[in-house]
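Colleague: I am new to this model and would like a close look at a single part of it, followed outward into its surroundings. Please define the terms as you go.

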Amino acid sequence: VQLQASGGGLVQPGGSLRLSCAASGRILSINDMGWYRQAPGKRRELVATFSNAGITNYADSAKGRFTISRDNAKNAVYLQMNNLEPEDTAVYYCNAYLATNWETYGTYWGQGTQVTVSS
């Protein structure tokens, strides 16, 4: 199983970016998908998650500015980020909790995509 993230880059404060992540490989079903981020010198933290029941969860820092969405047909999750701030600068990682068969579940991570917010 692989998660491939894309969409990061350099953006000015107040700008927008859309991150994408697609899971591929031997996948039976996907439960939760989400985005996390890690800034230099800090721990990895949750940004947003999207459960297979359609429930979304956001970090306080993301509420009102970021929107997570999901396309189950494509095994994909997206993060629309608006009104970006320098404090949003980090490597963003996608995450999925999924089943590879009827008995085996696991957590998988993408490779990370850099988001830099700077003027």
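Which residue has a side chain joined to that of Asp88 by a polar contact, and at what distance?

Modeller: The partner is Arg65, whose side chain is joined to that of Asp88 by a polar contact of 2.7 Å; such a contact is a pair of N or O atoms within 3.5 Å, where, within protein, one atom must be able to donate a hydrogen and the other to accept it, and where residues adjacent in sequence count only if both atoms are side-chain atoms. This is a predicted model, in which local features need pLDDT of at least 70 and side-chain atom pairs count only at pLDDT 80 or more, while totals for chains, interfaces and linings use all residues. Residues are numbered from 1 along each chain as its sequence is written, and side-chain values use heavy atoms, with hydrogens and water left out.

Asp88 sits in the loop that links strand E8 (76–81) to strand E9 (90–99); strands (E, at least two residues) and helices (H or I, at least four) are DSSP runs, numbered from the N terminus. With a relative accessibility of 1%, Asp88 counts as buried, a word that stands for under 20% relative accessible area, whereas exposed means over 50% and partly exposed lies in between (1.4 Å probe, protein chains only). Leaving aside residues up to four places away in sequence, Asp88 touches Arg37, Arg65, Phe66, Asn83, Val115 and Val117, where contact means heavy atoms within 4.5 Å.

Some of these contacts lead into strands. Val115 and Val117 belong, with Thr113, to the covered face of strand E11 (residues 113–117), while Gln114 and Thr116 form its uncovered face. In a regular strand the side chains alternate between the two faces of the sheet. Strand E11 is joined in parallel to strand E2 (residues 9–11) by three bridges, and Val11 has Val117 as its bridge partner in E11; two strands are said to pair if DSSP finds at least two bridges between them. Three further bridges join E9 to E11, this time with the strands running antiparallel, and here Val91 has Gln114 as its partner.

Just past this strand, Ser118 lies in the segment after E11 and is partly exposed, with a relative accessible area of 36%. Although Ser118 and Val11 are 107 residues apart in sequence, their C-alpha atoms are 6.3 Å apart in space. Beyond four places in sequence, Ser118 touches Leu10, Val11, Gln12 and Pro13.

Phe66, another contact of Asp88, shares the covered face of E7 with Ile68 and Arg70, and Thr67, Ser69 and Asp71 make up the uncovered face. E7 pairs with E8 in the antiparallel sense over six bridges, with Asp71 standing opposite Ala76 in E8. The hairpin of E7 and E8 has four residues between the strands, and Asn75 there takes a positive phi near 50 degrees.

These two strands are part of an open sheet of four, in the order E1-E3-E8-E7 with antiparallel pairing. Strand E1 (2–6) and strand E7 (66–71) stand at its edges with a single partner strand each, so one side of each has no neighbour in the sheet. Neighbouring strands of this sheet are turned against each other by 15 degrees on average, direction ignored; the axes behind that value are lines fitted to C-alpha atoms, for helices over the stretch in contact, and angles run from 0 to 180 degrees between N-to-C directions. Within the sheet, strand E3 (residues 17–24) runs antiparallel to E8 and is joined to E8 by six bridges, one of which pairs Leu17 with Met81.

The wider setting is a chain with zero helices and eleven strands. Its radius of gyration is 14 Å, close to the 14 Å that the globule rule gives for 119 residues, so the chain is as compact as a globular protein of that length; the radius is taken over C-alpha atoms, and the rule is 2.2 Å times the number of residues to the power 0.38. Along its principal axes the C-alpha trace spans about 50 × 25 × 25 Å. Buried residues, Asp88 among them, make up 43% of the 119 residues.
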